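Q: I am new to this structure and would like a close look at a single part of it. Please describe that part in one connected account, and explain the terms as they arise.

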Amino acid sequence: MSTAIEVNGLTKHFGQVKALNGINFEVQQGTVLGLLGPNGSGKTTTVRILATLLTPDAGFAKVGGFDVTKDPAKVRTEIGLTGQYAAVDEYLTGRENLELFGRLFHLSKKDSAKRATELLERFDLADAGDRGIKGYSGGMRRRLDLAASLIGNPSVLFLDEPTTGLDPRSRIGMWDVINELVKDGTTVLLTTQYLEEADQLASKIVVLDHGNVIAQGTSDELKASVGGDRIELIVADGQQLNKAVETISSIGSGQPIIDEISKRVLVPVSGGSKAILETVRRLDEAKIEIEDISLRRPTLDDVFLSLTGHIAEEVVEEQTAARGRKGGKK
Amino acid sequence: MSSQTPRPALGWFISDSLAVTKRHVIKITRIPETLFFALIQPVMFVLLFAFVFGGAINLGDGGDPKAYREFLIPGIFAQTVMFAVASITVGITEDANKGIMDRFKSLPMSPGAVLSGHTFASLVQNLLVIVMLSITGYAVGWRIRGSAVDTLLGFALLALFAYAITWMGAWIGLHMPSPEVAGTAGLAWIFPLTFASSVFTPIATMPSWLQGFAQWNPVSCLALATRDLFGNPIPFPGTSFPEQHAVALSFGYAFLILAIFAPLSVRAFKSRSANSRG
C-alpha cells in the first residue's frame, strides 16, 4: 500500500485568522480518512489546499504523488471534489452538467456522454437526468454533485461535509456509495462534524481544533481516549449535586464532569445498561431526586472535552474571514 | 483520466472554451427572457430617439427626420456595443459566488477557458442583438450606403468592440460582491459615456469644455467609424485627430481594451476563486 495523500507542516493564515498551524497526516491508498472538527477548525481549508484551490503559506502536501503547489495540473487529473454546496449549473440538466464536466476533464465527446449515462444510472438519477436541476431535491443535487466529482474516475476523492443537511435516508445512501467507491480502490478524504459518520466510514480519523491536529488514530483508539459511553444526569436540587457525584463516581470509568449551572453530571462508563441501572438504584437509595438521566454514545463534544478540556466552539468560519479581505492575493 | 488524449495546450484551451460556451448558450435558451430584454433595449432607444427626441436635435440641416435617423442608427450600434458589458457581469458574479467555481478550479481544464467560454457565449448573444438592431434600423429608414468591404469591416468592428467590452464586464463582475450589485455596477458608467458622445447629438453642438472629451470618447469614435463605414451622414465633420482617424482609432481602442482587461480578468479570476467562496 502506498501513500495517496501526504500532508506536512501545512500552514495557512487568513489575515489575523490562523486557519491551519502546521498540520501533519497521511492517507494510505484505498482507505478513508475522516477529518473531524467543528466549524472553523480548518477542515475546509485543508481540503481546499489539497484540491489546489488555495496555496498554503508554509509546509507542503502531495496528492497522488504530486505536489499541490508545484504541480497542481497533475494533481487535478487525479482528484474529484465535492464541496459543501452543490457545484453544478442550475439551468442545465443533470446530464448536460455531467457532460460539461466530462469534457472539461478532457474526456472525448463519446466518453463524456457514456460516463454521464453510467453515473446517472448509478446514482439513481436516470429518470431525472434530462430535467433541469432547479427541480431536484436536496438529496438529488448532492448525488449529482458527487457524480460530477467522479466523472474522471479520480483516484483521490475529497468530500467536504458530504452529508450535512441531508435527511437520514439520503445520508445512509451516501455512506453506501462512499463505501462502494473505497471498495473499488478510491482513496477518500472526508470532513465531517459527526463522530458517528467518521466512525461509520473512516479507517482513520484526524481531529482538528483551531487549525491544529489534536488527535489522530482509528475510531476505536479515539473512542478509548474519550472513554466509551457516558451517563448524563440532571439532579432536581442543585444542593445535592456533590452528593450525587460522590454516590455514583465509583461506577464511572473516568473522571466525572460536573456543570453546576445546569445541575448536570457526566460520567464516562464502560458497563452500558448495567451501569445506568446501578446509577438509578444508588441514587434512589441515597434519596437524590433526578430530573433526567440518559445513557449515550460519545459525541464530538465529548471528544473535544476530553482532548482539549473545552467544548467545540463555533469560531468565525475561515471563509467569512477570507471574504472580508476583498480580492486578497494568493 | 482513462481516455485523455494528448493535445497541445492551445488545442485544450479552445476545446475547453467551447465546452464552457456551450454551457452558457444552453443557459440563454433556458432563460429566453434574458435575450428578449437584451434585444428589446436598443429597439426602445431607436424608437425613442427617432420619434420622440429626434425632432428636437439639430444636425444643421433644418431638422430633416430621415437624415437624423440615418445619423442615429450607427450611434445606437455603438451604444448597444457598450451595453454588451451587461451581458456578462451578472453571470460572472453569480458563478464566482457559487461552488461551481471550485469545481472548475479543481478540474484539469485551462483556467482561462472559464472566462473565454463565457465571453464567446456573450458574443453570440451580442451578434443577435446587432442583427436585431439592423432590422429595426432598416424598418425606420436607415440604409447602408458604403461598399461591401466597408460594410463587413463595420460589422467586424462592432463585433470586436462588443467582445472587448465583455472582457471589461467580466473584470467588473469579478470584483462585485453580489449579482445584484453587479447588475447596476456594470451599467452605471455607460450612460454618461454614451450621452457625452456623438451617439445621439453632433459633438459640435456641445459646450466647448465637453467637446475634447467627447471627441476622444471611445463611444464617439465607434459611432463615427460606424457612420463612416456604413456610408451614413456625418454632420459637422470635425477636424480633430480622433474624428479624422475614427476607424483606426476604434480598432485601436477595441484591441487596447482587450489587451488590458483579458489578462486582468484572468488574474482576478484566479485570486477570487482561490481565496473566497459564497
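A: The account below follows the strands and helices of one chain, chain A.

The model is predicted, and local features require a pLDDT of at least 70 and side-chain atom pairs a pLDDT of 80 or more, whereas totals for chains, interfaces and linings use all residues. Residues are numbered from 1 along each chain as its sequence is written, while chains are lettered from A and ligands numbered from 1 in the order in which they are written.

Some vocabulary is needed at the outset. Helices (H or I, at least four residues) and strands (E, at least two) are DSSP runs, numbered from the N terminus. Two strands are said to pair if DSSP finds at least two bridges between them.

The description may begin with a sheet of four strands, which is open, has the order 2-1-4-5 in chain A, and is antiparallel in its pairing. Its edges are strand 2 and strand 5 (66-67) of chain A, each of which pairs on one side only. Strand 1 (residues 3-14) and strand 2 (residues 17-28) of chain A run antiparallel and are joined by nine bridges. Within this pair, Leu10(A) stands opposite Ile23(A) of strand 2. The two strands form a hairpin with two residues between them, and there Gly15(A) adopts a positive phi near 60 degrees. Towards the other edge, strand 4 (residues 58-63) of chain A runs antiparallel to strand 5 of chain A, with two bridges between them. Lys62(A) faces Asp67(A) of strand 5 of chain A in this pairing. Helix 1 of chain A packs on this sheet by touching strand 1, strand 2 and strand 4 of chain A, and its direction makes about 120 degrees with that of strand 1 of chain A. Contact here requires the C-beta atoms of two residues, placed from the backbone, to lie within 7 Å. Angles run from 0 to 180 degrees between N-to-C directions, and axes are lines fitted to C-alpha atoms, for helices over the stretch in contact.

A further sheet of chain A consists of six strands in the order 6-7-8-3-9-10; this sheet is open and its pairing is mixed. Strand 6 (79-82) and strand 10 (212-217) of chain A are the edge strands, each pairing on one side only. On average, and with direction ignored, neighbouring strands of this sheet are turned by 15 degrees against each other. At one edge, strand 9 (residues 204-209) of chain A pairs with strand 10 of chain A in the antiparallel sense over five bridges. One pair of bridge partners is Val207(A) and Ala215(A), the latter in strand 10 of chain A. Helix 1 (residues 43-50) of chain A packs on this sheet, where it touches strand 3 (32-36), strand 7 (156-160), strand 8 (187-192) and strand 9 of chain A; the direction of the helix makes about 150 degrees with that of strand 8 of chain A. Helix 1 of chain A thus appears in the description of the six-stranded sheet and in that of the four-stranded sheet.

Strand pairing continues later in the chain. Strand 11 (residues 230-235) and strand 13 (residues 264-268) of chain A run antiparallel and are joined by five bridges. Arg230(A) is placed opposite Pro268(A) of strand 13 of chain A. Strand 12 (residues 257-259) of chain A also runs antiparallel to strand 13 of chain A, through three bridges. Ile257(A) has Leu266(A) of strand 13 of chain A as its bridge partner. Strands 12 and 13 of chain A make a hairpin with four residues between them, and Lys263(A) in its turn has a positive phi of about 55 degrees.

The last element of the account is a pair of helices. The axes of helix 3 (residues 94-104) and helix 4 (residues 109-122) of chain A come within 8 Å and cross at roughly 135 degrees. Helix 3 of chain A and helix 4 of chain A are therefore oblique to each other. Angles under 35 degrees count as roughly parallel, over 145 as roughly antiparallel, 65 to 115 as roughly perpendicular, and the rest as oblique. Helix 3 and helix 4 of chain A form a right-handed crossing. Helix 3 of chain A contributes residues including Leu98(A) and Gly102(A) to the contact, and helix 4 of chain A contributes residues including Ala116(A) and Leu119(A). The residues of this contact of helix 3 with helix 4 of chain A divide into five nonpolar, three polar and five charged.

Note on methods
Left-handed = near helix turned anticlockwise from the far one by under 90°. Nonpolar A, V, L, I, M, F, W, Y, C, P; charged D, E, K, R; others polar.
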